[in-house]
Amino acid sequence: MAMIPSFFGNRRSSVFDPFSLDVWDPFKDFPFPSSLATRSPETSSFVNTRIDWKETPEAHVFKADLPGLKKEEVKVEVEDDRMLQISGERKIEKEDKNDTWHRVERSSGKFSRRFRLPENVKMDQVKASMENGVLTVTVPKVEVKKPDVKSIDISG
């Protein structure tokens, strides 16, 4: 689906997609002083929150994999300027002094994703549901009225 192959992970976004707000940061791994850092540890799981966006004839549908999160830990908001924001926080597991950790791969911290919606959406009818760690946000589209076409008889 991407217009160009991705060399930076299995991302289904395109540099040509006007709705994509994914930004690849080429400097994220460079050792900058903390005052110049572009990412903070609080937003480290931002990159790991993958969201699919598909458009059907009736709606725009967003699906986010949020394993281990409860619906109370996720926030879905829409702003007047057609911005959809999905955010939340995955808490760090409490450490016990007697525990020995061998590997920590699951991300924790805050995440936030924003999407600019097209003009053909019903912002007041957005619905969200969460089942088995998958958040589904449905944004209905405005019905496009088809023009009335009347046939005209040709005389002569």
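## A tour of an all-strand model

Of the 156 residues in this protein, 22% count as buried. Keep in mind as you click around that this is a predicted model.

**Start with the whole chain.** Switch to a cartoon view and colour by secondary structure. You will find seven strands and zero helices. Walking along the sequence, the order reads β-β-β-β-β-β-β. Now show the surface: the protein exposes about 12,800 Å², and carbon and sulfur atoms supply 52% of that area. If you list the contacts with a separation of 6 or more, residues 24 or more positions apart account for 55% of them.

**Next, select the aromatic rings.** The structure holds three aromatic pairs. Begin with tryptophan 53 and phenylalanine 62, shown as sticks. Their rings form a tilted pair, 4.7 Å centre to centre, with 35 degrees between the planes. The pair counts as tilted because that angle falls neither under 30 degrees, which would be stacked, nor over 60, which would be edge-to-face.

Are these two residues buried or exposed? Tryptophan 53 has 23% relative accessibility, so this residue counts as partly exposed. Phenylalanine 62, by contrast, is buried, with a relative accessible area of 1%.

**Stay on phenylalanine 62 and add phenylalanine 115.** These two rings make another tilted pair, with 5.1 Å between the centres and 50 degrees between the planes. Which strands does this pair bring together? Phenylalanine 62 sits in strand β2 (residues 59-65), while phenylalanine 115 belongs to strand β5 (residues 109-116). The two residues are 53 residues apart, so the pair links distant parts of the chain. Phenylalanine 115 is buried too, at a relative accessible area of 5%.

With Trp53, Phe62 and Phe115 selected together, you are looking at a cluster linked by ring pairs. Phe62 takes part in both of the pairs you have just visited, one with Trp53 and one with Phe115.

**Last stop: lysine 91.** Move to the loop between β4 (83-90) and β5, where lysine 91 is found. What is the accessibility of lysine 91? The value is 57% relative accessibility, so lysine 91 counts as exposed. Now select serine 108 as well and draw a distance between the C-alpha atoms. Lysine 91 and serine 108 are 17 residues apart along the chain, and their C-alpha atoms are separated by 5.7 Å.

Key
Residues numbered from 1 in each chain as written. Predicted model: local features only at pLDDT ≥ 70, side-chain atom pairs only at ≥ 80, totals over all residues. Heavy atoms only, no water. Helix = DSSP H or I, 4+ residues; strand = E, 2+ residues; numbered from the N terminus. Buried < 20%, exposed > 50% of the residue type's maximum accessible area, 1.4 Å probe, protein only. Contact = heavy atoms within 4.5 Å. Areas by Shrake-Rupley, 256 points an atom, 1.4 Å probe, with all protein chains shown as cover. Phe/Tyr/Trp six-rings, centres within 6.5 Å; stacked < 30°, edge-to-face > 60°.
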